[in-house]
Amino acid sequence: SIVSSKYRTAYHFQPPKNWINDPNGPMYYNGIYHQFYQYNPNGSLWGNIVWAHSVSTDLVNWIRLAPAIERTTPSDINGCWTGSATILKSGRPAIIYTGADTEKRQVQNVAFPKNLSDPYLREWVKPHDNPVIQPVGRGLNPGQFRDPTTGWIGPDGLWRIAVGAEVDGHSAALLYESEDFVRWDRVDHPLYSSNASAMWECPDFFAAMPGENSGLDMSAAVPDGAKHVLKMSLDGSDKYMVGVYDLKGDAFVPDTVIEDRRLWSRIDYGNYYASKSFFDSKKGRRVIWGWTNETDSSSDDVAKGWAGIHAIPRTIWLDKDSKQLLQWPVEEIESLRGKQVRHQGLELRKGDLFEIKEIDTLQADVEIDFELTSIGSADPFDPSWLLDIEKQCREAGASAHGPFGLVVLASESMEEHTSVHFRVYYRSQEKHMVLMCADLRKSSLRPELYTPAYGGFFELDLEKEKTVVSLRTLIDRSAVESFGGGGRVCIMARVYPAALVDDGGTRMYAFNNGTSTVRVPRLEAWSMRRAQVNKG
Ligand code: DQQ
């Protein structure tokens, strides 16, 4: 099959070669953003994992450094797995990460910068105290105990962290406390646990003020009125719960407990896993990074010599009803916008396909507002669709309101195309439900690709938003990253069209296949320049 360097992304994060997975220890320290990540120095499949390291001043352009944490001690000789960074009270950063030890048990280790006057913090020292947390305790499976969070301060002034674990066959975010970040005690209860699943990877725990898109620093006391969010990675996706951190009980209490984990909210409804957020003190926001794997075959990855990218870092905040998280690409990414096209007052009738021309269709940033007409005629929403949204994306036909949306990376004949689109359903007088899909089923004629139709639902509040459904899509060669409803549903996808490699090139269209006309008050699209990402 064809493998081509043309599938490499131009502005998403990836190293020059080899396998990458989870983002690790993101932080802003002394004017520099640090991004560490799971990396195989020896090939493009998972294995031999170390912490690779890159630095940036703008979250867009990255300088690649030597790996920061390598497999050098008995407590990480079989892998330096996922972990987090915390800025300690002294202002000094600390890393805590999982090591696979000589017996392949999972233990937690710490590392500190060797030289704080090195602006890039290139070298990290592992104290002899490692491992600082052993996989012991009632019911704990030593092979399922990993991915410590960033630390936060409890009301007693002690540091807390949570570690993902399987306890008695159930998933838990175990709670540990420490005064000095080196000696840790397990708290007698978990931060939170659930028997709806067996293991949580990569927990992330943070506070947020409802309705404010500024972030909160977990190294400081959290203001009254803040909510807390617990994110966990399972079933191949990142899910989260919104609740409160009960200070007395020293535990997370979700606002609502949903037994069926298929119904848990998701950070992203596409290909996005093991995300980790950090408080960016430069801009006072919370930023989240996630890993997006390839969806071609392992033999393709071996032939390409690389696998895995990170999604564009996103600002993440809580809506004012504390019901859901919203996300938006960090504003810095707009510095890559080049040539622009703009259309106002378009109308898409049933069957219309409007070509977006004159920009680079392989590297683009597209923003479209779709305005519905005659909303009264929407088909009714069926709550059972929420149990299998991808099925609804595969099976729903054309209706009054949708599908309408954007077709990207389309070959001239349309034999290959990726469609990001919406359907609007009636739920009540005030609320409609919007189904957003990223349908990859026709994305490529190449064999051995995973080409699902991803989907998520969000509510459209008719009073506040009229009937406008907005879409932003970042196209970056094999990456198609979409934000629906101002960031209420995000869908990250990977596609490998043969047309991307051909000379004929690819095309982009706005379309409407629903029976009612859709107005497009605003359509703006930009070519995206290549970023300097980990050159050489
Ligand atoms: N990846 C790491 C683990 C983590 C998993 C190993 C999630 O620490 O649980 O590379 O992708």
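How does the radius of gyration of the chain, with 536 residues, fit that of a compact globule?

**View 1. The whole chain and its overall dimensions.** For 536 residues a compact globule would have a radius of gyration near 24 Å, and the chain has 23 Å, which agrees; this radius is taken over C-alpha atoms, and the globule rule is 2.2 Å times the number of residues to the power 0.38. Please keep in mind that this is a predicted model: local features need pLDDT of at least 70, side-chain atom pairs count only at pLDDT 80 or more, and totals for chains, interfaces and linings use all residues. Residues are numbered from 1 along each chain as its sequence is written. Along the principal axes, the C-alpha atoms fill a box of roughly 70 × 50 × 40 Å.

**View 2. Strands, helices and the buried residues.** Here you can pick out 39 strands and 3 helices (DSSP runs numbered from the N terminus: E, at least two residues, for strands; H or I, at least four, for helices). Of the 536 residues, 51% are buried, that is, 20 or more other C-beta atoms, placed from the backbone, lie within 10 Å of their own.

**View 3. Where domain 1 meets domain 2.** Domain 1 spans 19-329 and domain 2 spans 337-528, with bounds from an automatic or database domain assignment. Contacts (C-beta atoms, placed from the backbone, within 7 Å) link 21 residues of domain 1 with 23 residues of domain 2. On the domain 1 side, strand β25 (residues 325-329) gives the largest share, 4 residues.

Technical notes
Buried ≥ 20, exposed ≤ 12 C-beta atoms within 10 Å, placed from the backbone. Contact = placed C-beta atoms within 7 Å.
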